[in-house]
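Colleague: Before I use any of the pocket and contact labels, I would like to hear the criterion behind each one. Could we go through them in turn?

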Amino acid sequence: MPQFLGIDASTQSISGIVIDTDAGSIVLDESINFGSDLPQYNAPTGVLDNPDPLVKHSNPLMWVEALEQLFGRCRSNGFDWSAIRGIGGSGQQHGTVYLNTSLADTAAWSPSVSLADQVRPMLSRATSPIWMDSSTSAECDEIAAAAGGNDIVVQTTGSIAIERFSGPQIRRFWKTAPAAYEMTARIHLVSSFMASLLSGVDAPIDPGDGAGMNLLNLTSSEWDSAMLEATAPGLADRLPPVRSSSAQVGEMKPYFCDKYGFNSGTPVIAWSGDNPNSLVGMGAVSPGVAVISLGTSDTFFAAMGRPTTDPNGYGHVFGNPAGGFMSLICFKNGSLTRDEVRNRFSLSWDNFSDAILTGTAPGNNGNLMLPYFESEITPRILNPSVRLFGEPAFMEWQDANAAARAVVEAQALTMRLHSEWIDERPRHILVTGGASRNPGIRQVIADVFGAELQCLNVANSAALGAALRAAHAGNDIEWEALFDVFAAPDRDIAVRPNPDAAAVYDGMTPIFRDKVAALQE
Ligand code: ADP
Ligand code: XUL
């Protein structure tokens with residue numbers, strides 16, 4: 001019964017999925033939610049309050065404690081961790097953790113003290129900036145200028161210098177807290193930090209997550225010395241090495257074996273970002289299918305035959321954990337924005353879906369929303385702005401059905417507009433993430449893209465991808481064999497586009513684009 005664990009350290013929760021490769025089944029799917037399970041951290045959606053709406057940080061100790069809760073809860077429920085033969089992981093991308101020591105220099109964790117208490121004195125920065133942060137516009141300009149312009153930055157790293165990426169965040173820390181920066185011995189991504197905790201070594205960063213830093217040279221897969229220099233002094237000494245996504249980084253630390261029953265010697269595989277992991281979890285590692293992930297952020301991504309870049313500067317190129325590259329576009333106003341509209345009208349998710357499917361029609365009778373409840377990454381909108389256009393009841397927030405459709409149509413049209421730069425047109429689109437369970441949301445996406453949508457039974461494709469990577473690494477199990485069993489789309493919930501809707505959305509796309517452009521002026 002070889003079992004493999006995939007852990008997903010995401011914005012709102014930490015989840016674990018265990019696959020059994022002999023039985024061909026998922027034997028564990030458990031989640032610790034920061035809001036409900038760790039209320040003492042005062043971060044109901046995983047993010048700390050800050051008076052500046054552009055600043056979004058999390059408490060890394062909350063992630064550490066959630067990891068322990070996950071292991072502890074499953075064990076109390078009777079789950080036997082000793083059958084695990086490999087552990088892979090996934091982290092929300094771009095977030096950084098600052099330590100005053102390398103984790104490789106620490107003595108063994110003491111079994112009698114909680115891990116969070118042992119990690120606390122190692123932090124040289126109490127909080128971690130995460131992907132939702134957009135406070136580093138000045139640093140992006142400085143980095144781009146020092147590197148010779150954004151054309152060079154994008155050619156080298158696959159993305160222009162961009163606010164949420166780790167490099168600009170590190171530069172801001174160096175500028176605003178130089179003494180604490182000086183004391184920082186290691187800067188980890190969320191992914192490499194979690195892998196380091198488990199293995200007790202300074203875990204490397206893989207090219208999937210490393211490409212989200214504005215520091216990695218995509219061609220050489222090494223840190224780029226010019227980008228490091230443009231970012232902050234002494235950065236090369238503070239970063240862990242870059243290694244392949246399939247590298248074994250170490251073995252599970254005795255602390256976890258003694259406390260939770262893992263076997264000593266259990267391999268820990270390099271962790272990666274949540275989007276690269278999802279690419280694997282959706283079985284989409286070859287070009288031809290695109291994935292839309294509807295999590296806290298909405299993302300659109302696909303494996304790339306060759307690395308092309310977005311002329312408008314919004315899209316990114318990341319490493320594909322199965323080899324080669326992937327495209328990615330990220331939209332910040334994703335699930336929390338849909339939550340916001342749903343909560344305003346006290347709708348259940350079923351009501352929200354019905355509002356779209358039976359309460360309204362494609363095009364929404366001309367009702368259109370610009371739904372930037374938070375500042376937005378794609379398109380770039382630094383100040384939260386919500387605008388409604390159309391019928392009076394809709395504009396006065398009196399029409400729940402139209403509001404539900406409007407937010408989802410705006411999100412889908414934005415994805416369509418901003419994925420046009422990708423060369424390869426997908427044959428079909430796979431959807432994942434919490435909101436992919438929603439039939440109304442699925443239909444709007446199929447209609448706006450005019451493409452068939454397919455779904456997997458597993459909503460958390462990032463955790464699944466991490467488990468599949470652990471099974472693949474060093475175990476002679478081919479990707480295709482794993483995908484056939486664990487990533488086969490559920491034919492019963494395939495969604496076909498409505499042919500009449502395509503013409504409506506073709507007409508609506510330029511209107512929507514003009515309204516967004518006017519907002520950006
Ligand atoms: P992340 O991995 O980024 O933390 P998830 O993929 O777990 O996020 O998605 C969480 C979100 O899923 C919640 O914020 C909620 O808005 C959304 N969600 C959960 N169930 C549904 C549903 N039935 N319909 C639409 N959205 C849903
Ligand atoms: C991707 C991005 C988000 C986070 C969310 O660039 O910023 O999708 O990875 O976890």
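Modeller: What follows takes the two ligands, their pocket and the cavities, with the rule behind each label.

Modeller: This is a predicted model, in which local features need pLDDT of at least 70 and side-chain atom pairs count only at pLDDT 80 or more, while totals for chains, interfaces and linings use all residues. Residues are numbered from 1 along each chain as its sequence is written, chains are lettered from A and ligands numbered from 1 in the order in which they are written, and side-chain values use heavy atoms, with hydrogens and water left out.

Colleague: What makes a residue one of those around ligand 2?

Modeller: A residue is near a molecule if one of its heavy atoms lies within 4 Å of it. By that rule the residues around ligand 2 are Gln92, Gln93, His94, Trp131, Arg164, Asp274, Asn275, Ser297, Thr299, Leu328 and Cys330.

Colleague: Why is the approach of Arg164 to ligand 2 called a polar contact?

Modeller: A polar contact is a pair of N or O atoms within 3.5 Å (within protein, one must be able to donate a hydrogen and the other to accept it, and residues adjacent in sequence count only if both atoms are side-chain atoms). An N or O atom in the side chain of Arg164 is 2.8 Å from an oxygen atom of ligand 2, so the pair qualifies. For Ser297 the distance from a side-chain N or O atom to an oxygen atom of ligand 2 is 2.9 Å, and for a polar side-chain atom of Asn275 the corresponding value is 3.1 Å. The protein covers 98% of the 300 Å² of accessible area that ligand 2 has on its own, an area from the Shrake-Rupley method with a 1.4 Å probe (for residues, only the protein chains shown count as cover).

Colleague: How do you know that ligand 2 sits in the largest pocket?

Modeller: A molecule sits in a cavity or pocket if more than half of its atoms lie within 2 Å of its grid points, and ligand 2 is assigned to the largest pocket on that basis. The grid has a 1 Å spacing over the protein atoms alone; a pocket is an open set with protein on both sides within 12 Å along at least five of seven lines, a cavity is a set of points where a 1.4 Å probe fits but cannot get out, and lining residues have an atom within 4 Å of a point. The largest pocket has a volume of about 1,000 Å³ and is lined by 43 residues, of which Leu294, Gly295, Thr296, Gly433 and Gly434 lie nearest its centre.

Colleague: Which space does ligand 1 take, and which residues come nearest to ligand 1?

Modeller: The space taken by ligand 1 is also the largest pocket, and of the 13 residues around ligand 1, Ser10, Thr296, Asp339, Gly434 and Arg437 come nearest. A polar side-chain atom of Thr296 lies 2.6 Å from an oxygen atom of ligand 1, one of Ser10 lies 2.9 Å from an oxygen atom of ligand 1, and one of Arg437 lies 3.1 Å from a nitrogen atom of ligand 1. Taken alone, ligand 1 exposes 590 Å², and the protein buries 76% of that.

Colleague: How many cavities does the structure hold, and what lines the largest cavity?

Modeller: There are six cavities of 30 Å³ or more. The largest cavity has a volume of about 110 Å³, and its lining includes Asp133, Glu163, Arg164, Lys332 and Arg380.

Conventions. Points joined across faces, edges and corners; volume = space filled by probe spheres on them.
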